[in-house]
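Trainee: Could we go through this assembly together and check what stands behind each label?
Mentor: Gladly; ask whatever comes to mind.

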Amino acid sequence: MDHLGFIAVVYGVTFAVITTLVVRTVVQGRDLASKVADKDKPWT
Amino acid sequence: MEAQTFTARVATPTTRLVGAMALVSMAWVVIGGLFVTPRDVDQGDAVRIMYVHVPTAWVAYLAFIVTAVASACWLLSRKHSMGFDRVAGASAEVGVVFMAMTLLSGSLWGRITWGSYWAWDPRLTTTAFLLVTYIGYLAVRGLGGSLEQRARRSAVIALLAVLEIPLVHFSVLMWRSLHQKASVLSGDGDIKMDGSMLTTLLVGVIGFTLTFTWLVLHRQRVLAMQDAMQMTQLDAALRERANESENKSVIESSRLK
Amino acid sequence: MSTQLSLGRIARAVAAKDLRIELRSRVVINQIFPFAGLVMVMFAFALDNDDVLTRVAGGLVWLATLFSLIIIIQRSFAVDSADGALEAQRVAGLNPAGIFVGKALAVMVQLVTLEIMLFFAAVVLYRVELHSDGAVLLVTCVISATAGLSFVGTLYGGLTAGARGRETLLPLLMLPVVAPVLIGATRATESAFMSGGAAVSDGWPWVGVLVVFAAVFGLGGILSFGSLIEE
């Protein structure tokens, strides 16, 4: 494969960033969900 | 006082399903994009960047549209439901990240294909401006003040961006243009992609859209909880203040006696 | 008849008030004008080539204008928010659209004065030659570009007035929006200067862009200024 470095950087960065965003959202959500009463969580 | 329950749950069956589908399609994109699809006749292996770049760009622009529509809904709806404002904010937060990734993958692709990381073409430049505008939008959301104030300010900013972006795009287009035409969307029927390439690209767009949906749903719930926290803290502070002054007046009145 | 003042009267009163404050304090004349002139000199140091300077003079004039715009806008709203004047005008029931147009008019007057000085500096420092053929184009370009800049500046100035960290937020919000003005005004001015062999007629489509820009953000500001300054 030519330009392997470029392709690796694009795939690596994209999926790493998305994963970080997902993990951060989940961690933040869990943390807040344990502090906020269920009546303020319309989806529960 | 009524009993309060605390469930450490943000996910719902819907978001779980969306998340699972997103995971599957993302895996498909990686395997399909890197191993299954053939090299492109003109671009060689650089075409593999497209399977990530195009869906990222699509999501970035989708996020922009969602933010604008949600902001308009907030402004126009009589109830000014905060849900619209949170969806706008969540979509912008996700959009900023995707916008930055679009620029990165685009410039790496440009380095291979054009020979330079950056070209002053309208799409690239508009995307860069969109990124800066979004960063400004999020900064405005962080200005503080009441929730209502935040919603109103940021909604106006989001709608002004709708005026700004086409003007930027058009003026850069008029200024100079060397970008290759969008190869799938252009109407000349000249689709050079074979079946597996098109499928991978399509799955990519779907997968990234599902990821975006999942992220916005979850972030929007996080924002809702943050707002709820702010409100309870405000209530508590007000109650404390009220108690304080009550105590003080009790002391004062006892002293007078 | 009605106690409601017309938009035009409010705008004139607000503009006159802002300009009177400026004439008395002379901050723009004594500080912002010298700053803009200094920027023009600095450009010459950075580019260090007479031919290049003559070629890009139009762009440099507008860039210096943009830098000064940031300070003028900050100044225009600092005067108001320092003693809650904006708040007072709002509470007094003045039509926010009128306040918007008035403040934009005052900014416009200051900017046009500044631009005349900057074009003069370009002639002196950058050896630009003014052509009579391009005079109409140049004047139209200055008016339409300045209108667009003032509208956008007033709009975002009102938004960031009274907010923490507005000094840093204003350029971040405003500069991307006024980019089309920089592109359009630069091209039109270069045509008027005939720099780089440009023809005067090339400049008119750009004036079209500037006029559309000013119209869009003038209207946008009239519609939204009220919700931006509302508490």
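What follows is a short conversation about three chains in a predicted model.

Trainee: Let me begin with chain C. What makes chain C an all-helix pattern along the sequence?
Mentor: Chain C has eight helices and zero strands. Reading along the sequence therefore gives α-α-α-α-α-α-α-α, since helices are runs of at least four residues and there is no strand to interrupt them.

Trainee: How do you know that the radius of gyration of chain C agrees with that of a compact globule?
Mentor: The globule rule is 2.2 Å times the number of residues to the power 0.38. For 231 residues that comes to near 17 Å, and chain C has 18 Å, so the two agree. As for its extent, the C-alpha trace spans about 55 × 30 × 30 Å along the principal axes.

Trainee: What share of chain C is buried, and what does a residue need to be called that?
Mentor: A residue is buried if 20 or more other C-beta atoms lie within 10 Å of its own. In chain C, 47% of the 231 residues are buried. Contacts tell us something about the fold as well: among those between residues at least 6 apart in sequence, 86% join residues at least 24 apart.

Trainee: Why is α3(C) called roughly antiparallel to α5(C)?
Mentor: The axes of α3 (residues 50-82) and α5 (residues 96-126) of chain C cross at roughly 150 degrees and come within 9 Å. Angles over 145 degrees count as roughly antiparallel, so α3(C) and α5(C) earn that label. Their crossing is right-handed. The residues in contact include Leu53(C), Val61(C) and Ile72(C) of α3(C), and Val107(C), Leu114(C) and Phe119(C) of α5(C). By class, this contact has 15 nonpolar, five polar and two charged residues.

Trainee: And in chain B, what makes α3(B) and α5(B) oblique?
Mentor: They pack at an angle of about 55 degrees, with axes 10 Å apart. Roughly parallel would need an angle under 35 degrees and roughly perpendicular one of 65 to 115, so α3(B) and α5(B) fall under oblique. The crossing of α3(B) and α5(B) is left-handed. On the α3(B) side, the contact uses Met82(B), Asp85(B), Ala88(B) and Gly89(B). From α5(B) come Leu147(B), Ala151(B), Ser154(B), Ala155(B) and Ala158(B). That contact divides into six nonpolar, two polar and one charged.

Trainee: Now the chains together. How do you know that chain A and chain C do not touch?
Mentor: Contact requires C-beta atoms within 7 Å. For chains A and C, even the nearest C-alpha atoms are 25 Å apart, and the two chains do not touch. Two pairs of chains do touch, and the most contacts are between chains A and B.

Trainee: Which residues and elements make up the contact of chain B with chain A?
Mentor: It takes 34 residues from chain B and 29 from chain A. On the chain B side, α1 (13-36), α2 (47-76), α3 (82-113) and α6 (195-256) each give two or more residues. α6(B) gives the most, with 10 residues. By class, that side has 18 nonpolar, 10 polar and six charged residues.

Trainee: Which helices of chain B face chain C in the other contact?
Mentor: That contact takes 20 residues from chain B and 21 from chain C. α4 (122-141) and α5 (147-175) of chain B each supply at least two residues. The largest share, 12 residues, comes from α5(B). The side of chain B that touches chain C has 12 nonpolar, five polar and three charged residues.

How values were computed: Residues numbered from 1 in each chain as written. Chains lettered and ligands numbered in written order. Predicted model: local features only at pLDDT ≥ 70, side-chain atom pairs only at ≥ 80, totals over all residues. Nonpolar A, V, L, I, M, F, W, Y, C, P; charged D, E, K, R; others polar. Buried ≥ 20, exposed ≤ 12 C-beta atoms within 10 Å, placed from the backbone. Axes fitted to C-alpha atoms, helices over the stretch in contact; angles between N-to-C directions. Left-handed = near helix turned anticlockwise from the far one by under 90°.
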